[in-house]
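Subject: Structure handover, charged pairs and cysteines

Hello,

Here is the structure for you to load. My notes on its charged pairs and cysteines follow below.

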Amino acid sequence: MLRYSKERLAEERSITDIYFKAQEELDIRKELYEKFRRKLTDEELASLDDEDIKVPLERYISIMSAGYFGGKAPTYKVKAFNADKDKIIKELFNHETNDEQEIKEIEELIKHIVDYNKDGSHFLHMVLDYLVKRACYEIYYKDETTGEIIITRSDALETVAIWDYSLPKKIIGIYRIIRTYMANGEYQQMIELTTADGKRYYYDTPEKRKLFGTPIYEQQFKDESLFKENIKEKQPKKWDDDIPATAIENCDGMAIFEPVISLIKAYERCIQNSRNVFKYNDEAILAVKGYTPENPMIIQNDKGEDIINPARQKEDEYVLTSRVRYLDGNREVDSNLWWVEKNVNDTALQNHKKTLMDIICLCSFCPNMTDLGFTSADNNSALEKKFFGLQQYIATFEGDFLEGLTRRWRIILEKFNKEKSKTYDFRDIEVKLNRNLPSDKATDITNALKVRGLLPDETVINLLNLDLDATSELAKMDLQNEENIQKNLQQMQIMGQTGVEQDKQDDKVTDLTDTQKAQKLTADDKKEQAKVVNKQINKE
């Protein structure tokens with residue numbers, strides 16, 4: 001960690017002083033990164049043959065740990081509005097919290113920025129940088145064309161943060177060393193210094209760098225510093241009175257695999273020794289007893305120098321390749337052939353290798369995937385226990401990431417407050433760092449449904465552990481409910497119209513029946529009257 005005075009940082013000579021301190025740290029980070037990827041240059045192959053066996057446990061430890069801690073993107077929530085809390089804070093601190101509308105706007109703003117910048121992939125690379133290179137950095141800027149907020153990762157192999165001496169410490173500069181290589185193989189270095197006042201750029205030259213610190217440099221350049229500022233490239237500040245960047249540096253200055261590098265080398269040596277034994281036995285020496293070769297081993301050449309006799313080489317080759325060998329033997333001299341081999345106790349060797357692996361995993365806090373207890377873990381609870389050591393290690397720096405992500409949203413929200421006249425309060429943002437472990441989804445769903453009705457629907461959806469966006473799903477549910485209501489209303493309207501028409505038809509049927517009844521009664525009366533008339537005629 002580089003700590004410097006804010007006043008001295010503005011001096012051109014300080015850029016050169018910081019350069020040598022920063023370069024020491026960057027050289028160590030580069031060495032750690034080379035151990036992680038097991039090669040020095042991009043063109044080099046990490047492993048080609050078994051002459052120098054490499055066991056990349058540094059990579060295993062780093063990838064496993066980074067995947068566990070950073071394999072799932074952080075989630076961000078804004079605290080719900082609380083009238084009592086708002087009243088108390090306003091009375092005691094003369095500050096108002098976010099209202100319902102501001103909470104909704106902040107949530108949508110965060111979701112848009114996170115989706116635009118692929119926050120999941122970005123966070124994973126930040127964690128990997130922290131575990132391998134002992135630090136990670138991200139820089140923010142606004143796209144002048146689209147207006148989008150860009151969050152980009154700055155390589156820890158070329159970046160260091162400069163902190164002040166205050167408590168708590170504050171970033172006063174982001175110092176980047178960038179090299180530009182020329183056609184002749186030389187390179188020029190540029191220093192990009194980002195402060196609250198903007199960006200400034202400084203350059204050296206190969207000639208000055210070679211002579212720096214010598215009497216010739218003092219004679220030729222006098223008091224001129226190694227790096228000279230280019231005033232024309234200076235950029236004024238584009239944010240508020242803070243640096244648009246976040247730096248998370250390991251306070252212990254320790255990569256996750258750094259304490260076990262010597263143990264990894266011992267493990268490699270153990271495997272290399274095993275390989276050498278097998279290779280030696282594959283190329284074992286044939287011992288011959290009771291046979292005298294016809295040609296001597298050493299002869300002299302024309303210059304009087306001792307050389308191996310070619311005739312002896314042919315004779316030895318014949319002995320090795322022939323299917324039948326004749327040896328001179330009698331009772332006084334025993335004749336025999338045998339291979340000279342090395343015998344190694346394989347059980348002891350395997351135990352030693354296992355001990356080394358156990359210590360490596362123990363001291364790096366990384367679980368051993370080949371361990372019997374790990375492979376037999378049949379539920380999520382058992383897996384969590386295997387990751388208990390790694391969880392304890394993560395707890396030592398988890399707060400640094402929470403602080404860094406909180407700083408990110410503070411800087412971004414203050415940018416919108418300034419440009420859009422908003423009053424967003426970053427302190428209501430809750431950052432949750434998730435763990436990437438296999439989960440029993442059926443159990444998670446059952447547990448989530450048990451608390452349905454006791455907790456808000458958004459919380460229940462988040463408990464499902466199905467990688468769903470609760471806000472989006474609730475919006476879809478509201479839309480679906482609204483569509484169902486519209487369909488029900490339309491159906492009821494159709495059913496109502498059908499009912500009216502049916503009533504009209506029933507009324508018509510009822511009227512027709514009454515008429516028929518009236519007509520029937522009239523016909524009966526006529527028949528009765530005809531019967532009466534007939535009776536009277538018969539009497540007469």
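Is aspartate 17 buried, partly exposed or exposed? Aspartate 17 has 32% relative accessibility, so it counts as partly exposed. Keep in mind that this is a predicted model.

**Salt bridges**

Searching the whole structure gives 34 salt bridges. Three pairs are set out here, followed by one network.

Start with the partner of aspartate 17. Its side chain meets that of arginine 8 in a salt bridge, at 3.9 Å from N to O. The cut-off for a salt bridge is 4 Å, so this pair counts. Arginine 8 is partly exposed too, at 40% relative accessibility.

Next, arginine 37 and aspartate 42. They form a salt bridge whose closest N and O atoms are 2.7 Å apart. The two ends sit in opposite classes. Arginine 37 is buried, with a relative accessible area of 18%. The limit for buried is under 20%, so arginine 37 falls in that class. Aspartate 42 is exposed, at 57%.

Then there is a pair that links distant stretches of sequence. Arginine 408 and glutamate 138 form a salt bridge, with 3.0 Å between the closest N and O atoms. Arginine 408 belongs to helix 15, which covers residues 398-420. Glutamate 138 belongs to strand 3, residues 135-142. The pair therefore ties together parts that lie 270 residues apart in sequence. How accessible are its two ends? Arginine 408 counts as buried, at 1% relative accessibility. Glutamate 138 is buried as well, with a relative accessible area of 2%.

Some bridges share partners. One network built that way joins Glu25, Arg29, Arg134, Glu249 and Glu258.

**Cysteines**

How many disulfides does the structure hold? Zero. As a reminder, a disulfide is a covalent bond between the sulfur atoms of two cysteines.

Why is cysteine 363 not bonded to cysteine 361? The closest cysteine sulfur to that of cysteine 363 is in cysteine 361, and it is 9.7 Å away. That is too far for a bond, because a disulfide needs the sulfur atoms within 2.5 Å.

Accessibility was computed for two cysteines in my notes. Cysteine 363 counts as partly exposed, at 34% relative accessibility. Cysteine 270 is buried, with a relative accessible area of 5%.

Best regards

Key: Residues numbered from 1 in each chain as written. Predicted model: local features only at pLDDT ≥ 70, side-chain atom pairs only at ≥ 80, totals over all residues. Heavy atoms only, no water. Buried < 20%, exposed > 50% of the residue type's maximum accessible area, 1.4 Å probe, protein only. Helix = DSSP H or I, 4+ residues; strand = E, 2+ residues; numbered from the N terminus.
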